[in-house]
Each structure stands twice: as structure tokens, then as C-alpha cells.
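Me: I have a model open and would like to learn how to read its internal spaces, its ligand site and its unusual backbone spots. Could you take me through them step by step?

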Amino acid sequence: MPTRLEILKLLADGRFHSGTALGAVLGVSRAAVCKGIQALVDAGVCVHRVAGRGYRLLRPCVLLDTAAIDRGLGSLPVRISLELFDEIDSTSQYLLRRPNPVSGAVCMAERQSAGRGRRGRSWTATPYRNLMMSLAWRFDSGPAALTGLSLAAGVALVRALEEYGVQGVGLKWPNDLVVGGRKLAGLLVDLRGEAAGPTWVVLGVGLNVSIDEREAAQIDQAWTDLDAVLGEDVDRNRLASLLIRHVVLAFVRFADAGFSAFVSDWNGLHVFADQPVRLLQGERVQAGIARGVDSHGGLIVETEGVRHVYHSGEISLRGAS
Ligand code: BTN
């Protein structure tokens, strides 16, 4: 049976292809093509079948391409080694399984079977239409010096989106990227290392480019995607290059100057700035006015004129559900 990717490459143009024609190119029978198509459908790809004409994708797609992404990186202070998988459990887990991944190792996948989100959630995305990537980095310092790194990465991702042409993206503490109150992207930082350093970091990024109904039904928070925000097809390869480039430059800067170099940028992108919020910490609810983050990435909430700094919790606007 042909692989999903082999069939998808032939269907990517969005035109009709008959089972016979697909079979001839792939050197397999029509029955094998049929099974391959079913595997694509099972993976969440919408394939339209018309008797007498064949198969076509409901929406054409451009597949991720390591050469195109490499070309778009420009010059960077470290070498990026990019691995792209058709399917993997989780791009972050892949890098975390390595004993000591080197700075600049990047893993991307068109589909994750066990994508991880923050706070034990799973991460769901329509295959072949979104961006799921992880990047490894080695910092000389111990983990304590890296508080705020995930917030710095959030700033870097917003800048990458802005360079692509996406406007109006803000940050919800600690590091969700949101547009109009809806989540566009999330990031997850895994740290490994001794207290004195070095620390190996794996940053995982999930960006909603185009979410279909099937995956939408599994997302339990308000979300949006670039389809909705931009109203046009997205060049995922170009966007992936920009995301990697901005994160790498941010990590180099962070290693040099720490989170203080990012505080004012973060506060400028803060979507709840000076608004009444609730911070949920387990059973505890803190209400106050969000005043941005401090030089360690802690959230400042002002309650009855007193400023408190929090390092964990889920923030929401007061009055919002
Ligand atoms: C969040 O919950 O906001 C964080 C989501 C992070 C998802 C990405 S997708 C690529 C990488 N691999 C994973 O398993 N998770 C991250």
C-alpha cells in the first residue's frame, strides 16, 4: 500500500486524479490506492471522491519541505538541523528522548499522535495544514535562570507572525498567542539539567494555521486559526522559517541578557494590560488588575492597591467565562 504522504503529494494540487492514474504513478493496484486514500481520510484529511473522475483534496495543500524551510532561515549564529516527520507521537518528546540534543535541533511533523499541551492537556491539529514544531537549545545556566524563557519565546513568535504579515496578535500570560481573545498558538517548554547548569530546553510550538471541524470539536478552549485571521492560504514553509529564525535569535539574546531584555516587549503585547482579571491557582482565585510581568516573567496583579507577583495559574478576564 502506498504511504499517506505518497498519495497526498499527488493530490496536493487539488485536482481530480483517478484511482487508475494514481496507481500507475505509484506502481500499485487501484485497490491499494483505495486503501491509501482511506488511510488519509482516517488521518483527518478531507478527500472528495466523484465516480468517474476520481479523488481530489477538498482543499489543496502545500506540504512542509525541509529544503524550503532551510532556505528561508537566512544566516543564523547556530546551524539548524531540521527533521521533518509525516507522523510522530510528539515533536517535543522526540527531542526529549535524545540524551543531550544540541542547540538548533528542530523537529517538525505533519501529524502528531500524542501532541502535548500545557497543564496536561493534549494538542490537536488538522494534519498537513498546521505547524507543530520543537526546537532544542542548550543553556549554560541552571533552570532557575531560565524563568521567563517561555515568555521570551512568546514574544519571538509574535514577531515572526508580524514579519509574515499577521497583525493583532497579543500574549496572554504566560505565553498563549491570542487574536481577538481566541488562542492562535501555544508553546510548551521542557527543561532538563542540574541546578548549576547546563540546562537543555525543548521548546514546543503549536500554531493553528487551518483547523477543520473534526479537530475543532476536540479543542476545549476558544481558538482561532490563520485561515480566519488572514482569510488567505498560508505559506507554512515560509512561516516555519520565520518562527525558527525569531526563536533562535531570541534564545541567543536571552542567554546573554535574560528576560529583562524582553519585559517591555512582552508588556507591550499583553492582552489583559490594566484590565480586571481572575487568576486561578488550583482552588484559589485571585482577583485584581493585571499589571504586566516583572523581570522574571511573574504576573503582577494589583489587588486593593497592593501588587502581588504570581508564577503559576490560569488567567482570565473578570466577567468572562
Ligand atoms: C499549549 O498548551 O498551549 C502548548 C501547546 C504546545 C503544542 C506543541 S505542538 C509541537 C510540540 N509537540 C507537542 O507535543 N507539543 C508541542
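Reply: Gladly. Keep in mind that this is a predicted model. Let's start with enclosed spaces: a cavity is a place where a 1.4 Å probe fits but cannot get out. By that rule, the structure has two cavities of 30 Å³ or more.

Me: What is the volume of the largest cavity, and which residues are closest to its centre?

Reply: The largest cavity has a volume of about 220 Å³. Its lining is made up of 23 residues, and those closest to the centre are Arg-116, Gly-117, Trp-123, Leu-188 and Gly-206. You can place the lining on the fold as well: helix H5 (91–96) and the strands S5 (131–139), S8 (182–193) and S9 (199–207) each give two or more residues to it. The most comes from S8, with four residues.

Me: How do the residues lining the largest cavity divide into nonpolar, polar and charged?

Reply: There are six nonpolar, 12 polar and five charged residues in that lining. When you read such a tally, remember that glycine is placed among the polar residues.

Me: What takes up the space of the largest cavity?

Reply: The ligand does: the space it takes is the largest cavity. The elements giving two or more residues to the shell around the ligand are H5, S5, S8 and S9. S8 again deserves a look, as the largest share of that shell, four residues, comes from this strand.

Me: Which residues come nearest to the ligand, and how is the shell made up by class?

Reply: A residue joins the shell when one of its heavy atoms lies within 4 Å of the ligand. Of the 20 residues around the ligand, the nearest are Ser-90, Gln-112, Arg-116, Arg-118 and Lys-183. By class, the shell holds six nonpolar, 10 polar and four charged residues.

Me: Where should I look for polar contacts to the ligand?

Reply: Search for pairs of N or O atoms within 3.5 Å. Three examples are worth displaying. In the side chain of Ser-90, an N or O atom is 2.7 Å from an oxygen atom of the ligand. The side chain of Thr-91 has an N or O atom 3.1 Å from a ligand nitrogen. At Arg-116 the partner is in the backbone instead: a polar backbone atom is 2.7 Å from a nitrogen atom of the ligand.

Me: How much of the ligand does the protein bury?

Reply: Compare the area of the ligand alone with what the protein covers. Taken alone, the ligand exposes 410 Å², and the protein buries 99% of that.

Me: What about the second largest cavity: how much space lies in it, and which residues line it?

Reply: About 40 Å³ of space lies there. The lining consists of Met-133, Ser-134, Leu-135, Leu-203, Val-205, Leu-243, Ile-244 and Val-247. S5, S9 and helix H9 (236–257) each give two or more residues to that lining. By class, seven of the lining residues are nonpolar, one is polar and none is charged.

Me: And how do I read a pocket?

Reply: A pocket, unlike a cavity, is an open set of points with protein on both sides. The second largest pocket has a volume of about 430 Å³. Of its 22 lining residues, Gly-148, Ser-150, Leu-151, Pro-174 and His-311 are the closest to the centre. Helix H6 (149–164) and S8 give two or more residues each, and the largest share, four residues, comes from S8. The lining divides into 10 nonpolar, 10 polar and two charged residues.

Me: Which peptide bonds are cis, with omega near 0°?

Reply: Two to inspect are the bond from Trp-173 to Pro-174 and the bond from Gly-197 to Pro-198. Pro-174, which you met at the pocket, is in the loop between strand S6 (170–172) and strand S7 (176–179). Pro-198 is in the loop between S8 and S9.

Me: Where can I find a positive phi in a residue other than glycine?

Reply: Try Asp-274, with phi near 60°, in the loop between helix H10 (263–269) and strand S10 (276–281). Arg-119 is another case, with a positive phi of about 55°, and lies in the loop between strand S4 (105–109) and S5.

How values were computed. Residues numbered from 1 in each chain as written. Predicted model: local features only at pLDDT ≥ 70, side-chain atom pairs only at ≥ 80, totals over all residues. Heavy atoms only, no water. 1 Å grid on protein atoms, 1.4 Å probe; cavity = no way out; pocket = protein on both sides within 12 Å on 5 of 7 lines; lining within 4 Å. Points joined across faces, edges and corners; volume = space filled by probe spheres on them. Polar contact = N/O pair within 3.5 Å; in protein donor to acceptor, adjacent residues only side chain to side chain. Areas by Shrake-Rupley, 256 points an atom, 1.4 Å probe, with all protein chains shown as cover. Sits in = over half its atoms within 2 Å of the grid points.
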